[in-house]
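Work through the exercises below with the sequence and coordinates at hand. Each task is followed by a solution that goes step by step.

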Amino acid sequence: MLCKMGLINHFRAATFNSTLSKAGLWPTKCWPTYGSASYKPLARHWSNVPFLTIPLRRTPGKPFAHRSELKQAKRVVVKLGSAVVTRGDECGLALGRLASIVEQVSVLQNQGREMMIVTSGAVAFGKQRLRHEILLSQSVRQALHSGQNQLKDMTVPVLEARACAAAGQSGLMALYEAMFTQYSICAAQILVTNLDFHDEQKRRNLSSTLHELLRMNIVPIINTNDAVVPPPEPNSDLQGVISVKDNDSLAARLAVEMRADMLIILSDVEGLFDSPPGLDDAKLIDTFYPGDQQSITFGTKSRVGLGGMEAKVKAALWALQGGTSVVIASGTHPKVTGHVITDIVEGKKVGTFFSEVKPAGPTIEQQAEMARTDGRIMASLQPDQRANIIHRLADLLTDNREEILKANKRDMEKAVALGRLSQPLLKRLSLTTAKLNSLAIGLRQIAASAQDSVGRLIRRTRVAKGLDLEQITVPIGVLLVIFESRPDCLPQVSALAIASGNGLLLKGGKEATHSNHILHHLTQEALSIHGVKDAVHLVSTREEVEDLCRLDKLIDLIIPRGSSQLVRDIQKASKGIPVLGHSEGICHVYLDSNANLEKAIKIVRDSKCDYPAACNALETLLVHRDLLRTPFFDQIIDMLRVEQVKVHAGPKFASYLTFSPSEVKSLRLEYGDLECCIEVVDNVQDAIRHIHKYGSSHTDAIVTENEETAEYFMQHVDSACVFWNASTRFSDGYRFGLGAEVGISTARIHARGPVGLEGLLTTKWLLRGEGQAVCDFAEQGSMSYIHENLPVPNRT
């Protein structure tokens with residue numbers, strides 16, 4: 001009978017046709033071709049591993065090529081492995097995991113998807129129940145005769161799996177029904193045996209039943225009828241403890257027969273690894289392609305299941321061939337169990353995704369590895385060699401100006417045609433001759449600073465006689481910079497990474513595809529002069545930003561450059577990777593009672609109107625109350641009106657006016673456009689309190705002629721950048737003389753404000769000795785610490 005065990009043996013066979021024919025499990029006229037009475041089985045070969053092609057009652061569909069397409073899945077089969085539903089003691093069910101799975105399936109079902117579950121668990125549930133009954137049936141006389149100590153050690157005989165299944169199936173289904181009822185979803189039980197697939201009429205009846213249940217918005221729960229299956233083969237069970245068949249083959253067969261869009265196989269491992277997952281160097285395979293099975297080594301089976309990963313892979317490839325996309329993932333991992341199914345359906349990078357479409361270029365993991373390798377080589381180059389690379393890039397920007405502008409024009413035309421970008425974002429996207437010239441100038445400034453960056457000596461200490469300690473600067477490692485709309489960001493950040501010896505991954509917005517492509521090509525051309533082309537990579541695959549943020553073993557620092565929403569999303573999505581940046585740019589300008597009118601008008605206009613979409617643009621104008629109802633204030637308002645700035649009144653400002661502008665919804669609002677809030681404060685202390693309460697610690701400025709007030713403001717405002725009589729727009733790496741910046745940080749550790757070359761470096765310690773050991777410095781030791789500070793050579 002083609003039960004679960006039979007299906008496993010079917011997939012394990014080297015040549016399926018002959019094996020099944022000898023076993024009498026697969027008659028040649030068992031499955032009719034669509035529109036015909038019979039068919040002859042055909043073998044489809046992938047890397048010398050044949051798979052039987054079963055003609056379906058439809059033309060096989062085409063599986064999804066990329067993870068991002070999984071969101072389109074309508075019909076989904078979820079296979080729950082034995083280790084997923086079974087407790088650690090293999091006697092009873094893992095109720096917490098099962099409840100989470102039911103919740104996720106219910107969420108997807110209520111979204112309008114058609115969900116089916118292939119489950120194990122009847123044997124485990126029945127084993128728990130029968131063990132309990134056996135213990136209760138022990139006679140009181142026997143228990144007393146055995147003695148209390150022996151009673152504690154009383155063992156239960158090994159239970160036959162079919163009896164366990166018979167006793168546990170009803171309880172398992174009752175549990176599913178109770179859980180699904182909480183989400184107003186009806187579930188239905190279907191038990192199958194080999195005959196339901198072997199017999200054509202039974203197979204049609206099964207298919208008809210499943211389709212009818214799905215039509216009525218009912219979740220079918222399918223399991224093999226373990227109460228009537230043949231006993232397991234000798235030595236096939238794990239230590240004879242529990243007999244749980246593997247359902248991988250059953251799930252694959254049902255998924256293909258039911259034309260499911262996706263099959264999710266949940267097991268006790270995160271997915272498919274390139275070597276047994278217990279090994280230190282084992283790496284999770286994100287996407288698996290037909291033919292790759294020859295390059296991997298399979299490990300042992302799960303603690304309770306019989307199929308193992310090899311059977312899962314073969315079942316997955318068979319389902320993929322039949323038109324169903326497959327993901328193998330962990331259903332037991334505590335960090336992902338609560339949302340693994342919904343994450344997979346949303347296209348997130350969870351488990352191993354099976355695809356027939358192999359990308360032409362390297363994966364993001366491979367790109368990160370190459371960036372780290374060549375980044376380390378680049379860090380070991382001489383300073384003038386890194387400077388040469390940057391100078392070469394600056395020259396290439398100038399020499400290839402026409403090609404760059406032509407590519408940018410294509411991006412601009414597409415953006416305008418789609419109409420999705422606002423005018424400020426279109427301005428960011430646009431490249432001009434002036435921008436390219438400024439870029440080249442900035443890059444040459446970075447090249448000059450690259451002469452004294454990596455390996456710079458910061459501190460020297462003589463710890464003891466013959467024991468000298470040094471602290472030097474080193475690269476952080478691999479940086480991931482995510483930016484929107486601004487293609488000029490690519491060469492700027494690349495130059496900073498080159499100067500600091502860091503590997504770099506760049507993820508640009510789709511709106512700048514052509515511009516980013518040519519700029520990245522020129523960057524790699526410059527890197528090639530010293531053989532480190534792969535130190536900088538442009539991520540052009542379909543990786544979602546959230547998936548990139550999970551690569552904590554490959555990426556050392558994430559730097560987002562874009563909208564406040566982008567930064568917040570990345571900070572939320574980052575899994576163990578530090579994020580350098582600011583989530584908001586709520587910048588203030590405070591007009592003191594001693595402010596100069598001419599300076600105030602110029603600074604406010606520039607801060608708000610020069611580039612309102614920038615993170616360093618003015619969002620809230622604080623005005624000393626003595627300036628209200630004065631010509632000074634009237635001229636400020638007139639200037640804003642002329643510049644077409646929409647004004648919102650803060651609560652205090654509104655209280656002073658009979659007819660006021662619309663009252664502000666929030667004092668913590670970043671407008672990013674020609675809008676701002678005006679609020680009244682009593683004095684400089686009040687202004688500082690407002691900034692600390694509502695600001696984002698980005699950039700804040702004071703306009704005053706009173707030096708004492710100005711110094712008080714600059715010392716007490718706790719922001720990354722604090723200015724006196726200067727526009728907030730000066731908060732920029734290029735304007736600070738850093739050549740360029742990777743972003744502006746409002747964090748209070750590592751780097752703050754515009755982050756240039758220095759912000760991309762960390763340090764390491766070098767200790768040179770003559771055989772000393774710590775025991776030499778013990779109370780009875782022969783040596784003592786000196787801790788003498790030694791002079792550090794001047795920077796050149």
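**Exercise 1. Cysteines**

Explain why Cys-609 forms no bond with the closest cysteine sulfur, and place Cys-721 in the same scheme.

Solution. The sulfur of Cys-609 lies 8.2 Å from the closest cysteine sulfur, that of Cys-676, which is too far for a bond, a disulfide being a pair of cysteine sulfur atoms within 2.5 Å. Cys-609 has a relative accessibility of 17% and therefore counts as buried, where buried means under 20% relative accessible area, exposed over 50%, and partly exposed in between (1.4 Å probe, protein chains only). For Cys-721, which is in no disulfide, the nearest cysteine sulfur belongs to Cys-587 and is 8.6 Å away; with a relative accessible area of 4%, Cys-721 is buried. The structure as a whole holds zero disulfides.

Before going on, note that this is a predicted model, in which local features need pLDDT of at least 70 and side-chain atom pairs count only at pLDDT 80 or more, while totals for chains, interfaces and linings use all residues. Residues are numbered from 1 along each chain as its sequence is written, and side-chain values use heavy atoms, with hydrogens and water left out.

**Exercise 2. The six-stranded sheet**

Determine the strand order of the open sheet of six strands, and state which strands stand at its edges.

Solution. The order is S19-S20-S18-S17-S21-S22, with parallel pairing; strands are DSSP runs (E, at least two residues) and helices likewise (H or I, at least four), numbered from the N terminus, and two strands pair if DSSP finds at least two bridges between them. Strand S19 (646-649) and strand S22 (721-724) each have a single partner strand, so one side of each is left without a neighbour in the sheet. The twist averages 20° from one strand to the next, where axes are lines fitted to C-alpha atoms, for helices over the stretch in contact, and angles run from 0 to 180 degrees between N-to-C directions.

Next, take strand S17 (residues 587-591) and strand S21 (residues 699-703), which pair in the parallel sense over four bridges, with Leu-591 standing opposite Val-703 in S21. Helix H26 (residues 684-694) packs on the sheet, touching S17, strand S18 (618-624), strand S20 (675-681) and S21, and its direction makes about 170° with that of S17; contact means heavy atoms within 4.5 Å. Helix H27 (residues 707-716) also packs on the sheet, touching S17, S21 and S22, at about 175° to the direction of S22.

**Exercise 3. The largest nonpolar core**

Identify which members of the largest nonpolar core touch the most other members, and then describe the surroundings of Leu-506.

Solution. A nonpolar core is a set of buried Ala, Val, Leu, Ile, Met, Phe, Trp, Tyr and Cys residues joined through side-chain atoms within 4.5 Å. The largest has 50 residues, of which Ile-390, Ile-404, Leu-504 and Leu-506 touch the most other members, and its largest share, eight residues, comes from helix H19 (residues 489-500).

Leu-506 lies in strand S14 (residues 503-507) and, at 0% relative accessibility, counts as buried. Not counting residues up to four places away in sequence, the contacts of Leu-506 include Val-481, Phe-483, Leu-490 and Val-536. Leu-506 and Val-536 are 30 residues apart in sequence, yet 7.6 Å apart in space, C-alpha to C-alpha.
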